[in-house]
Amino acid sequence: MADNTLIPVAAEFAAEAHIDAAAYERLYQWSLDDPEGFWREQAKAIDWIRPPTRIKETSFAPDDVHIRWFADGTLNASVNCLDRHLATKADKPAILWEGDDPGESRTVTWRELHDKVNRLANALKALGVGKGDFVTVYLPVIPEVLVAMLACIRIGAVHSVVFSGFSSEALAGRVADCRAKVLITADEGHRGGRRLPLKRQADAALESIAHKVDHVVVVRRSGAPVPFTPGRDQWYEEITEAADPVCPPVEMSAEDPLFILYTSGSTGKPKGLVHTTGGYLVHVATSWKNIFDYKDGEVHWCTADVGWVTAHSYKIYGPVLNGATIVMFEGVPTWPDTSRWWSIIEKLKVNIFYTAPTAIRALMRDGEAPVRKHDLSSLRVLGSVGEPINPDAWLWYHRVIGGGRCPIVDNYWQTETGAVMLVPLPGATPLKPGAAAKPYFGIRPVLFDAAGQAVTGAGTGNLCFADSWPAQARTILRDHQRFVQTYFAPYPGHFFSGDGAKRDEDGYYWIAGRVDDVINVSGHRLGTVELESAIGSHPAVAESAVVGFPHEIKGQGVFAYVTLKAEFAETDLLRQEIVAWVRKSIGPIATPDVIQWAHALPKNRAGKILRRILTKIAANDFENFGDVTTLAEPEVVGDIVERRRQAIGRR
Ligand code: WTA
């Protein structure tokens with residue numbers, strides 16, 4: 001697929017779209033020339049208690065990084081998500097929920113959602129939660145997860161949603177880091193016909209840390225008997241039943257935290273990125289409507305799990321702020337069979353469908369038959385996010401799922417950016433399969449080449465952004481220094497994304513992937529250091545190095561080079577044991593795909609592992625290792641190459 005395949009915007013689509021090509025040019029230019037005026041106008045999408053007069057106060061200078069948007073405005077986020085829709089939508093569906101078991105579904109109207117949120121907000125208050133307190137949410141994709149998030153923000157508490165597929169160890173670190181006052185979980189989760197022992201994992205997590213939560217709120221999902229600590233543990237159903245159904249919203253300042261979300265970085269400790277209220281809501285509400293060209297009454301389905309930023313911004317906050325009906329699906333695309341997603345699209349008449357390339361690649365393998373069984377004619381816009389989408393998968397998605405008529409909005413952004421950075425707006429931007437296309441309003445991308453020079457025109461480099469945008473994370477919880485060091489020190493005056501990218505002759509951006517020690521497995525970020533510390537804690541392991549390698553379905557897979565302690569033998573059994581060990585300490589998403597034994601790892605004389613070489617070997621590229629003169633023991637590389645060649649049967 002040549003880079004310049006251009007799929008034009010259909011004239012009928014553009015005619016009805018919120019933003020057509022001319023509007024994109026005009027608004028983008030305005031957003032650069034006059035960010036204050038542009039975002040003041042955008043801020044009208046949100047109901048303020050006191051509208052902001054101060055719009056943008058930001059600095060990316062390394063010695064003074066500060067980011068404030070709409071600083072003197074006050075508002076309540078849950079009022080924007082709920083109360084303001086009641087006059088027109090009270091009895092319309094807010095959530096269409098599909099259970100893991102195809103026989104199970106629920107509809108929650110706006111009125112019901114409002115009632116549930118108010119009750120839980122009051123119940124949390126009764127448990128001692130107030131403004132500025134942290135609440136960790138460890139729930140599967142059930143309506144209660146949305147209730148929990150909105151209940152927190154109604155009373156000014158800060159939610160920290162942790163992916164329910166994470167292990168108890170991963171959960172423990174995240175509860176301790178934010179010193180959560182309350183943990184909200186479920187007895188069990190249902191996934192692909194299996195049960196996840198969430199309460200047991202939560203208990204194990206809480207036992208393992210010094211920090212004590214005051215309470216654990218437990219949603220009854222499966223009804224299975226679970227351990228229950230009287231006094232500390234509370235049944236969600238009981239406390240919400242007993243609570244008053246009216247909870248006055250707390251007036252918050254635009255720069256008060258709304259939520260935190262942990263993401264892996266290039267050290268072993270996950271970063272708790274802090275998102276604040278006003279800027280996040282303005283940017284997310286307006287960008288979601290524009291990138292999916294949402295029309296009132298449409299049904300939106302983002303397949304991401306609630307534990308990721310994709311779900312925060314564009315499964316939950318974006319649509320809910322706009323009063324859209326959202327689909328929540330508890331299960332997996334392959335159970336009971338590989339037509340599950342398509343059957344849900346048909347059943348719920350989904351209009352906007354938003355997923356990740358890894359899922360498309362996996363479902364593509366099954367061919368078109370599972371799709372053809374279903375009527376997908378309700379679809380109007382498709383989205384892709386989380387990793388670069390290869391043109392093959394793009395074209396299949398476009399033709400087979402979108403029937404050739406639905407634009408694909410491949411949107412590039414991050415936990416740190418909070419909202420979209422690069423995207424083709426569906427009524428404005430001709431599509432190039434595989435390109436994240438053009439900057440969103442207010443976004444100024446800059447590519448820096450290897451010499452640290454800004455690239456002009458077409459070229460490749462490290463992707464940075466030259467000025468602030470409202471949904472940007474403000475800091476890392478309790479570690480502002482790390483925030484500055486990670487994102488603002490590498491290219492002074494710029495935010496550094498950690499990704500490499502190309503800009504083509506038409507000004508389209510193509511994301512190449514991470515350039516730091518982070519690998520993107522099925523759209524999920526995993527820090528190699530985090531993986532190495534999990535592997536390294538196995539009693540047989542002396543040392544390890546983890547790199548990503550190209551993987552047909554996952555985009556990148558986890559490749560671990562492991563050196564054992566002298567007294568242990570290199571057996572397949574031990575390999576399996578290490579794999580199980582990593583799954584237990586991080587979660588199944590971190591499962592190593594390949595473990596290769598190594599007598600030693602290639603290091604420079606300062607003892608630093610040369611990952612560049614290991615990455616090439618993992619990709620079966622055995623030449624051009626670049627400068628190897630810094631290697632302390634050059635023969636180590638030959639040995640690793642030899643073993644790799646043997647493993648893949650190539651000489
Ligand atoms: C990658 C997810 C290519 C990228 C919203 C980024 C993408 C990381 C795209 C952030 C895309 C995300 N094309 N790569 N459309 N979207 N990425 O924080 O490497 O979970 O840095 O946010 O995913 O992952 P995160």
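## Polar contacts of the ligand

A polar contact is a pair of N or O atoms within 3.5 Å. In this predicted model, a ligand nitrogen atom lies 3.0 Å from a polar backbone atom of Gly386. A polar backbone atom of Asn411 is 2.8 Å from a nitrogen atom of the ligand, and for a polar backbone atom of Pro388 the distance to a ligand nitrogen is 3.4 Å. On its own, the ligand has 520 Å² of accessible area, of which the protein covers 98%.

## The shell around the ligand

The ligand is surrounded by 17 residues, and those that come nearest are Asp410, Thr415, Asp499, Arg514 and Arg525. Divided by class, this shell comprises six nonpolar, six polar and five charged residues.

Two elements of secondary structure each contribute at least two residues to the shell: helix H12, which spans 309-321, and strand S25, which spans 509-514.

## Packing of H11 against H12

Helix H12 also packs against helix H11, formed by residues 277-291; the angle is about 90° and the axes are 8 Å apart. Because angles of 65 to 115 degrees count as roughly perpendicular, H11 is described as roughly perpendicular to H12.

On the H11 side, the contact involves Tyr280, Leu281, Val284, Ala285, Ser287, Trp288 and Ile291. Their counterparts in H12 are His312, Ser313, Tyr314, Tyr317, Gly318, Pro319 and Leu321. By class, the residues of this contact between H11 and H12 are ten nonpolar and four polar, with no charged residue.

## Backbone features in two loops

Two loops flanking helix H13 hold notable backbone geometry. The loop between strand S17 (325-329) and helix H13 (340-348) contains Pro336. The peptide bond that runs from Trp335 to Pro336 is cis, and its omega is near -5°.

The loop between H13 and strand S18 (352-355) contains Lys349. Although Lys349 is not a glycine, its phi is positive, at about 50°.

Definitions and conventions. Residues numbered from 1 in each chain as written. Predicted model: local features only at pLDDT ≥ 70, side-chain atom pairs only at ≥ 80, totals over all residues. Heavy atoms only, no water. Near = heavy atom within 4 Å. Polar contact = N/O pair within 3.5 Å; in protein donor to acceptor, adjacent residues only side chain to side chain. Areas by Shrake-Rupley, 256 points an atom, 1.4 Å probe, with all protein chains shown as cover. Helix = DSSP H or I, 4+ residues; strand = E, 2+ residues; numbered from the N terminus. Nonpolar A, V, L, I, M, F, W, Y, C, P; charged D, E, K, R; others polar. Axes fitted to C-alpha atoms, helices over the stretch in contact; angles between N-to-C directions. Parallel < 35°, antiparallel > 145°, perpendicular 65-115°, else oblique. Contact = heavy atoms within 4.5 Å.
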